[in-house]
Amino acid sequence: MNGILYFSSTGNSLYMAQRLREQVGGEIRYIPKYDGDGSEFDELFLVTPIYSYGMPAHVYDLLPRLDKSKTLTVIQNYGGMACGADYLLYRYATKCGLSVKGVYKMKMPENFTLTFTVPKFYLNAALKKADKRIDDIIQKIKRGESAVPKERKTREEKYLKNKSNWHLIGRGFSVTDDCTQCGKCVSVCPSDNIEFTNGKIVFHDKCVACLGCYHRCPSKAIVYGKKRKKDRYVNPNVDESQIGKDI
Ligand SMILES: Cc1cc2nc3c(=O)[nH]c(=O)nc-3n(C[C@H](O)[C@H](O)[C@H](O)COP(=O)(O)O)c2cc1C
Ligand code: SF4
Ligand code: SF4
């Protein structure tokens, strides 16, 4: 059976993982809750967003512990600029001793929107093309086409620097009076960075910058810095309650 391991905060990667599973079969596992090494599966797939021209912290931490005897196929997605993230992941996974069959990447709606707004038509255009993009990738996977990324320049230094500063994002969040104390942000956070203390939401220092709390708060009560932006994003083609679940 295939194991489809995914990280997702706003549903783009979950959407792709579900589409992949429809066509290749297998089980879907949410990486932050997965403490295995993939050895229970025949073949491994990784579906992940690109973060800072690299990968989310949970993906970075997962790769070294995966079973080296399994083959791994990766599908990345990004909002605008990938800048060698496919080769960076390939090189890192290979250094971890993994046998990587291919790394595919495709564009999806941008969710790193703390300080700017992506025009609706731009988001919709990416969503409209998403079915074809993921299906083309799945067909290539099924045909066994080689998708090992060519050696190219990466932004590894920048990625590692940004990754080491992601915890600061949590310090920039605050909660407005619109908070209903529903507790959803506490449960969606992949790094246990949010808790209720004396009836108030508090952010600690373990943020991995996924922005899940920011986008998925039902009251849009989580704001960043001095911004009071109202736009939030969740992929409309997934059941939002399934983000972060094993399926
Ligand atoms: C911390 C962070 C860093 C990101 N860095 C990049 C990036 O370097 N390049 C890019 O094109 N998109 C970047 N994005 C956007 C995401 O890759 C993109 O929106 C992705 O589809 C989100 O997937 P998800 O909905 O499964 O969480 C970033 C998003 C976050 C939260
Ligand atoms: S998800 Fe939003 S409304 Fe719910 S507790 Fe968190 S900040 Fe408050
Ligand atoms: S605090 Fe928010 S942005 Fe940071 S890791 Fe938790 S859910 Fe993600």
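**Ligands, cavities and the largest pocket**

Student: What volume does the second largest cavity have, and what makes that figure a volume?

Tutor: The second largest cavity has a volume of about 80 Å³, where grid points are joined across faces, edges and corners and the volume is the space filled by probe spheres set on those points. This is a predicted model, in which local features need pLDDT of at least 70 and side-chain atom pairs count only at pLDDT 80 or more, whereas totals for chains, interfaces and linings use all residues. Residues are numbered from 1 along each chain as its sequence is written, chains are lettered from A and ligands numbered from 1 in the order in which they are written, and side-chain values use heavy atoms, with hydrogens and water left out.

Student: Why is this space called a cavity and not a pocket?

Tutor: On a 1 Å grid over the protein atoms alone, a cavity is a set of points where a 1.4 Å probe fits but cannot get out, whereas a pocket is an open set with protein on both sides within 12 Å along at least five of seven lines, and lining residues have an atom within 4 Å of a point. Thirteen residues line the second largest cavity, and F173, C189, C207, C210 and C213 lie nearest its centre. A search of the whole structure, taking cavities of 30 Å³ or more, finds two.

Student: Which ligand takes the space of the second largest cavity, and what is the class make-up of its shell?

Tutor: Ligand 3 takes that space, and the residues around ligand 3 include F173, C189, C207, C210 and C213; such residues count as near because one of their heavy atoms lies within 4 Å of the molecule. The shell has ten nonpolar, two polar and no charged residues, where Ala, Val, Leu, Ile, Met, Phe, Trp, Tyr, Cys and Pro count as nonpolar, Asp, Glu, Lys and Arg as charged, and the others, Gly among them, as polar.

Student: How do you know where ligand 2 sits?

Tutor: A molecule sits in a cavity or pocket if more than half of its atoms lie within 2 Å of its grid points, and by that test ligand 2 sits in the largest cavity. The largest cavity has a volume of about 90 Å³, and C179, C182, C185, C217 and A221 lie nearest its centre among 15 lining residues. Around ligand 2 itself are residues including C179, C182, C185 and C217, and its shell comprises seven nonpolar, four polar and one charged residues.

Student: Where does ligand 1 sit, and which elements line that space?

Tutor: Ligand 1 sits in the largest pocket, whose volume is about 610 Å³. Of its 28 lining residues, I50, Y51, S52, E110 and F112 are the closest to the centre. The elements giving two or more residues to the lining are α1, β4, α5 (156-165) and α6 (167-172), where helices (H or I, at least four residues) and strands (E, at least two) are DSSP runs numbered from the N terminus. The largest share, three residues, comes from α5.

Student: What makes the approach of S8, T10 and M81 to ligand 1 a set of polar contacts?

Tutor: A polar contact is a pair of N or O atoms within 3.5 Å; within protein, one must be able to donate a hydrogen and the other to accept it, and residues adjacent in sequence count only if both atoms are side-chain atoms. Polar side-chain atoms of S8 and T10 lie 2.6 Å and 2.5 Å from an oxygen atom of ligand 1, while a backbone N or O atom of M81 lies 2.7 Å from a nitrogen atom of the ligand, and therefore each pair falls within the limit. The protein covers 96% of the 660 Å² of accessible area that ligand 1 has on its own, by the Shrake-Rupley method with a 1.4 Å probe, where for residues only the protein chains shown count as cover.
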